[in-house]
Amino acid sequence: MPSIGVPGLIIILVVALLLFGPSKLPELGRAVGTTLKEFKRATRELTADDSDKSQKEGEDKR
């Protein structure tokens, strides 16, 4: 899978600036950051639950 690269990021930022305007970009950036943080937290919780289950199952089989 090819990466976006610097030119692609510049194009995306210019398009976002044209669509949302300079006053909305910081607000949009905060929303994206908050969404990513919540997604990471939920993913960590799910993987922790799975590892806890597998450890308990391993103890039960002994």
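How exposed is Glu38, in terms of relative accessibility? Glu38 counts as partly exposed, at 40% relative accessibility (buried means under 20% relative accessible area, exposed over 50%, and partly exposed in between, with a 1.4 Å probe and protein chains only). The views below come from a predicted model, in which local features need pLDDT of at least 70 and side-chain atom pairs count only at pLDDT 80 or more, while totals for chains, interfaces and linings use all residues. Residues are numbered from 1 along each chain as its sequence is written, and side-chain values use heavy atoms, with hydrogens and water left out.

**View 1. The whole chain has two helices and zero strands.** Here, helices (H or I, at least four residues) and strands (E, at least two) are DSSP runs, numbered from the N terminus. Of the 62 residues in the protein chain, 3% are buried. The accessible surface of the chain comes to about 5,900 Å² (Shrake-Rupley method, 1.4 Å probe; for residues, only the protein chains shown count as cover). Carbon and sulfur atoms account for 66% of that surface.

**View 2. Helix α1 covers residues 5-20 and is followed by a glycine with positive phi.** With 16 residues, α1 reaches 22 Å from its first C-alpha to its last, close to the 22 Å expected at 1.5 Å a residue (the expected span is 1.5 Å times one less than the number of residues). Just after α1, take a look at Gly21, whose phi is about 85°.

**View 3. Lys24 and Glu27 join their side chains in a salt bridge.** A salt bridge is a side-chain nitrogen of Lys or Arg within 4 Å of a carboxyl oxygen of Asp or Glu. For this pair the N to O distance is 3.9 Å. Lys24 is partly exposed at 43% relative accessibility, and Glu27 is partly exposed at 47%. A search of the whole structure finds three salt bridges.

**View 4. Arg41 in helix α2 pairs with Glu45 and with Glu38.** The closest N and O atoms of Glu38 and Arg41 are 2.8 Å apart. These two residues are separated by about one helical turn, because they lie three residues apart in α2 (residues 25-60). On the other pairing, Glu45 meets Arg41 at 2.7 Å, N to O, and the two sit four residues apart in α2, about one turn of the helix. Shared partners thereby join Glu38, Arg41 and Glu45 into one network of salt bridges. An α-helix has 3.6 residues a turn, so residues three or four places apart point the same way. Arg41 is partly exposed at 38% relative accessible area, as is Glu45 at 42%.
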